[in-house]
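I opened this entry to record what I looked up, going from one residue to a pair of helices and then to the chain as a whole.

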Amino acid sequence: MLRRKTQKESMKKSVFLTHEQWQYTGKSYKRIGQLPFHILAKTSKIENVAEIISELDTYSVQIGFDTTDCVQKLKMLLGRLMNFEPRRTHDEGPQDEDQDKFAQMFYELGGTEVLVRLLMFGSLFPNPYRPNRIITESEKILRLKSLVLEVLTKLTSTSVGEKVTSELMKSDDIMNYVFTLLAHPKTFINSCQLIEDMLQSKREVLDLHRINNLRSLICCLDDTQLANFCRILAVAISDLDIYENKSSLFAQNKQKRSRGFVNLRDINQELLLSIPELLPRLVKLAISKDYTPRYRGMVSELDCWMEWIENQMAEELYETQIQDDFEEFVGGISEPTTENGPMVQQQGLKMTEELVQRVEVVYILGLFLLGKHRKKVQRKLAELKLAAGLSDLFEQFIWKCQVRHNTRHRLRGHNAACECSPEVALKIQFLRLVHSFCDHSDYKHLLLSKNELSEVKRINAKAGDLALTSLDNVNKQLMCRGSKGLLTKIVEVMKKEPTTSTFRFWLARAVESYLRGDTSYCDQVFLMRRGLLQHVASNIVEHEIRHKEILQSSFDLLGELIKFNIEAFKTFDSILNTPAKLDKFVATVNRNLVDSNMFIRSLILSLEHFTNKEKCDESYAEYAKKESKLLMYIGDFDRQLDYLYKLIKIISVQNLTQENVSCLNTTLVFLMFANRKTELPSYLQALRDEREDMLDVNGSSSVMRNFRDLLVFWQDHYLHKDKDCSALEKSSRISFSYWKKTVTTLVCEDKTELSAVISYIDPLPGDRTN
């Protein structure tokens, strides 16, 4: 036995003896840990990297090794990949370059393989004496594995990150094992971060069916772990992640029609929604109110957070811990503050993690409302009293950003008007959730209080053919509590927010989604009584709004407020009470056609509604033709033609996105009414005669050729079996069959048909004539 040991030691020291042994037995070095020390020292120009890998490699193949020494080596490795220098800018310093060089050398010497062996230890090397025993990992082993996860996460953020994640994803076994570590308090944060990095590095969305026992895993997660797990779900059910091109509708349609395309987003959603306790737990987490620090006399949200942070971290300044956490160790929160320093819980990291988790939960609920199961999810969330919970949670937010200049704190590099605080992301995701919950929803009136619903019912009784029939079906047990519902609270906040506020876009979007769908006269009047129309229209007239998103959401909201509503147009007239105000408003519309096209669509829809003798009294037509400033403006034929030309010009099949495809639908609204009046040839002829001299529209040979290409795309986009087109029908009060009929007429290939666009397209020089 002694002779054999001596031989192994001599092989460790002598490359020659090892080579000789290889010639006789075929056995040689297989791992870096087997190399002699003097060879290790020459394998890398960077100090200690080979030695660290060699020692970790030795631990990775030993059963029952001492975890204390291994943890120290992992801490040393982690220290080489962390930057402990304070930063004032985002610029990379020399220490970042050193970390990157270290990471590259670590990867090249096989360090990632060694870490994977340490991570999978126990599953790769079961106890040889009790091979059938279920593996239960001790707290010490889990602490060690948490460090391995963190080191791997640090490596994924370096220049070798793609190579590292590719190596980790070679086998489903590694992914499945890291998923099991989500259920352990010591490893759940770091394992979640690593899985998120792995999934984001892939072009394909992960099919959650590949994860063994996912249902059981989710059920065993506590609330904190489940909230953290939402970061992974966000990648697995995000709509954009299933497409190679994130913006082009043409490219997305082409990918969807391709053979072998599978919408994994919907498949993953279906799997998750089949877990009955998931949505109730997420709603409970989303609307709980125990996270917000608030102090009397502090009107700023940032002040409250700074006071709370100071209180939480005060003791850390006077109680310096010299040993690592063990019992209280949580990977991702227990961190060193200096190189080789003790790994202890950092209150700053703990607070950040808690707030981020809340954001992720709210974000996931919003994503569930975007898939093909949207109606089912809206119903379930309504039954779980989401509206009432969000209304109560809304009370916890502080929206008074205009008082920020009176506060004690200002973040370095930020001006007095800045709205940065830990709650900004949460507020935005909150408003996105409200938007998705209300969008074409049968449960949107749950955003009202009971007395507000009574007011809406009284208005609805006078709405005529615009009256809703569903108000009596609203379940009052699920409504907002108190005198004001969530909708009113959002409107009140919006009216107080400055023009440039970060939140104006999402506040407006939330209210606009409430109005979407079947035009609701009673809801329009309800909001007008709270000064919303006056506020939004005056904001455009009196200010120069430079933020495209804020301008777009304002015009979209105005379009929903005034559509088919004679009182709204009269209120608008009182706002545009001087030629200067009218000119300013119209100029803003014309300068921003993509952003204002939905408002223009509402104008033409309302004009045709008011002048339809079968639907409205003659006084409405009289008002529309002779009194209303906006309706008289849009009723002019030459002006309609000008809008048609400009809307066609700014879009093409190649640049169509979810943001500007509405421009194409607005042009169709103009032409559908022209078709009803048998005036379609007049519009097309005028469009060609007056505008055809202006060529090269987004790469097309002419305006008309570009328009026909857009219409062919429209058919492919909207007539596909998986497309829900009810929204077009509800918002315009024009049957979708008539939308299809008009487009079919326009794209007809018969050149003798005067209502077909092809009749007005001159052949290109290279075109063949039959």
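I count two residues as in contact when heavy atoms of theirs lie within 4.5 Å of each other. The model I am reading is a predicted one.

Entry on Asn268. I looked up its place first and found Asn268 in helix H15, which spans residues 264-273. Which residues does Asn268 contact, once neighbours within four places in sequence are left aside? I noted Val205, Leu206, Asp207 and Leu208, and with them Ala236 and Ile237. I then checked its exposure: Asn268 has a relative accessible area of 0%, and because the limit for buried is under 20%, I enter Asn268 as buried.

Entry on H13 and H16. I next turned to helix H13 (residues 223-236) and helix H16 (residues 278-287), whose axes come within 11 Å and cross at roughly 95°. Angles of 65 to 115 degrees count as roughly perpendicular, and I therefore describe H13 and H16 as roughly perpendicular to each other. On the H13 side the contact is made by Asp223, Leu226, Ala227 and Cys230, and on the H16 side by Leu278, Arg281, Leu282 and Leu285. Sorting these by class, I have six nonpolar residues, two charged ones and no polar residue in the contact of H13 with H16.

Entry on the whole chain. I recorded 38 helices and two strands as its secondary structure, and 53% of the 770 residues count as buried. The chain exposes about 37400 Å², of which carbon and sulfur atoms supply 49%. Among contacts with a separation of 6 or more, I noted that 75% come from residues 24 or more positions apart.

Conventions
Residues numbered from 1 in each chain as written. Predicted model: local features only at pLDDT ≥ 70, side-chain atom pairs only at ≥ 80, totals over all residues. Heavy atoms only, no water. Helix = DSSP H or I, 4+ residues; strand = E, 2+ residues; numbered from the N terminus. Buried < 20%, exposed > 50% of the residue type's maximum accessible area, 1.4 Å probe, protein only. Areas by Shrake-Rupley, 256 points an atom, 1.4 Å probe, with all protein chains shown as cover. Axes fitted to C-alpha atoms, helices over the stretch in contact; angles between N-to-C directions. Parallel < 35°, antiparallel > 145°, perpendicular 65-115°, else oblique. Nonpolar A, V, L, I, M, F, W, Y, C, P; charged D, E, K, R; others polar.
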